[in-house]
Every structure is written in structure tokens, then in C-alpha cells.
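Biologist: I am new to reading protein models, and I would love to learn how the labels are earned. Could we go through this one together?

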Amino acid sequence: MNIKEYLQQHPQWKKRIHGFIMHPVKTRPYWWIRVWQPFYIKKGRGSVIYSSVRKDLPPFHLFQMGKYSVVEDFSCLNNAVGDIVIGDYCRIGLSNTVIGPIRIDNGVNISQNVALIGLDHNYQNITQGIIEQGITTSPIHIGEHTIIGANVIVLPGITIGKHCFIGAGCVVTQNIPDYCVTVGNPARIIKRYNPQSQTWEKFNKCILSNV
């Protein structure tokens, strides 16, 4: 039995350890945990996280960056409720928020002020405050060589395919297949690559469908 399995079976110990690692008000690791981050977060050769990035990265979930990837200034990385895995040659732009669970494949470029959020707050019980009801996590996956424009929001559980262009200001509420261009709120496909004709064609459907 590993440590995670043991703690799942002994919630009182899990609560104590969590309280030692995470500040109850700031909801981020205590300073004595953050000083050890260089030893437990995994960064590939040539990858960079700028010093102004808020690294809410406790050791009980995975944070991993591939080679030559960059997280730019004033972003926030948070794996407190799920793993964050970033591939090779990725760029996470200025002032982005990345909350796991999320997987970003190789060659993804994310512009400024983007929110990638892999959790939802539970709200169904009206006899409790929403903040007291906990959260539900749903992994986000972004395929390789996709570009995400400025001010985009990607909701929990969304898969965006490879080689997509997500236009500025999109709110992505449904899955997007490979080789698509999207605009709007909610995001809708306006172009999709046709492998038979080898051209980008206008897409007639107004709203995305799940893939």
C-alpha cells in the first residue's frame, strides 16, 4: 500500500497532513513547502518559469514541464486538486491561470489572460453555502500545436484537438475536434481542415458538438 492509498483509508491523517502543507485561508502551500519546490517539480531541459509566477504547487499532485517550455510573468499554476502536465516547446503567456487537472501537449502556445480551470464548485445543496460543498474535478486536455488567443476561458472537462486556433475571447464550453478555428461565446467552429481536399473550409454548424 502506497502513501496515497493509506491516506485515502485514513481521512483523519489526510486532513492533518493537508493542514500542514496548505494554508487554510490563502489556499496555497506554506512557505516551508514552497522552498522545496525546486526538488519535487519536474522541469525539462531549457524550460523556464519566471520568478513572478505564483506556484501553488503542493507535492501531493504532479507538476511536470517538458523541454524548452515557458511560463511567463504573473501567471498562476495550481495543482492542488489535480496534476498539471505541460509538454515540450509550450508557451504559457502573461497573466494566465492554470488549475489542474490539465494536460497540455507539445507545441501549444497560449496567449495572455487565459483561464484553464479543471474544477467546478458544487452548489446543488441549498441548505449549505456553495463554498462548503467542495469541488468536482474534470481534466482539460489541449492537443499539440494548438494556439489559444487572449482572454479565452476553457471550462472543466474540455478536450481541444490538435492544430486548432481558438480565437481571442472564446469561452470553450464543449469539446473541439482536431484542425478547427473557433470564435465567440460560447465558442463555435467557423473553419475546419478537410483532409480530402487539403483545404480549410467554412464550417456551417453554429454550435460545437462533443467529440
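**Reading the labels**

Modeller: Happily! Let us start with H145, which sits in the loop between β15 and β16 (147–148). Keep in mind that this is a predicted model.

Biologist: What makes the phi of H145 worth a remark?

Modeller: Phi of H145 is near 60 degrees, a positive value in a residue that is not glycine. Most residues other than glycine have a negative phi. Q198 is another case, with phi near 55 degrees.

Biologist: Why is H145 called partly exposed, and why is Q198 called exposed?

Modeller: The relative accessible area of H145 is 45%. Partly exposed covers the range between 20% and 50%, so H145 gets that label. Q198 has 59% relative accessibility, and exposed means over 50%, so Q198 counts as exposed.

Biologist: Where does Q198 lie?

Modeller: Q198 is in the loop between β22 and β23. Those two strands form a hairpin with four residues between them, and Q198 is in the turn.

Biologist: How do you know that β22 and β23 are paired?

Modeller: Pairing needs at least two bridges between the strands. Strand β22 (residues 188–194) is joined to β23 by four bridges, so the two are paired; they run antiparallel. Within this pair, K191 stands opposite K202, and N194 has T199 as its bridge partner.

Biologist: What makes β23 (199–202) an edge strand?

Modeller: β23 belongs to an open sheet of nine strands with mixed pairing, in the order β2-β5-β8-β11-β16-β19-β21-β22-β23. β2 (48–49) and β23 each have a single partner strand, so one side of each is left without a neighbour in the sheet.

Biologist: Which strands make up the open sheet with parallel pairing?

Modeller: That sheet has six strands, in the order β1-β4-β7-β10-β15-β18. Its edges are β1 (42–43) and β18 (159–160), each with a single partner, so each has one side without a neighbour in the sheet. Further in, β4 and β7 pair in the parallel sense over three bridges, and M65 stands opposite I86 in β7.

Biologist: Now to charges. Why is the pair R28 and D56 called a salt bridge?

Modeller: Side chains of opposite charge can pair when their charged atoms come close. The closest N and O atoms of R28 and D56 are 3.1 Å apart. The cut-off is 4 Å, so the pair qualifies. R28 lies in the loop between α2 (11–21) and α3 (31–34) and D56 in strand β3 (residues 54–56), so the pair ties together parts that are 28 residues apart in sequence.

Biologist: What makes R28, R54 and D56 a network?

Modeller: D56 also forms a salt bridge with R54, with the closest N and O atoms 2.8 Å apart. The three residues are therefore linked through salt bridges. D56 is buried, with a relative accessible area of 3%, whereas R54, at 34%, is partly exposed.

Biologist: How do you know that R91 and E72 form a salt bridge?

Modeller: Their closest N and O atoms are 2.5 Å apart, which falls within 4 Å. R91 is in strand β8 (residues 91–92) and E72 in the loop between β5 (70–71) and β6, 19 residues apart. The relative accessible area of E72 is 17%, so E72 counts as buried; R91, at 34%, counts as partly exposed.

Biologist: Why is N79 called buried?

Modeller: N79 has 0% relative accessibility. Buried means under 20%, so the label fits. N79 is found in the loop between β6 (76–78) and β7 (84–86).

Biologist: What lies 2.9 Å from a polar atom of the side chain of N79?

Modeller: That is the backbone oxygen of H61. Beyond its neighbours within four places in sequence, N79 is in contact with residues including D56, F63 and I84.

Biologist: One last puzzle: what makes the peptide bond from G100 to P101 stand out?

Modeller: That bond is cis, with omega near 5 degrees. Most peptide bonds are trans. P101 lies in the loop between β9 (97–99) and β10. The bond from N185 to P186 is cis too, with omega near -5 degrees, and P186 is in the loop between β21 (180–183) and β22.

Key. Residues are numbered from 1 along each chain as its sequence is written. This is a predicted model: local features need pLDDT of at least 70, side-chain atom pairs count only at pLDDT 80 or more; totals for chains, interfaces and linings use all residues. Side-chain values use heavy atoms; hydrogens and water are left out. Buried means under 20% relative accessible area, exposed over 50%, partly exposed in between (1.4 Å probe, protein chains only). A polar contact is a pair of N or O atoms within 3.5 Å; within protein, one must be able to donate a hydrogen and the other to accept it, and residues adjacent in sequence count only if both atoms are side-chain atoms. Contact means heavy atoms within 4.5 Å. A salt bridge is a side-chain nitrogen of Lys or Arg within 4 Å of a carboxyl oxygen of Asp or Glu.
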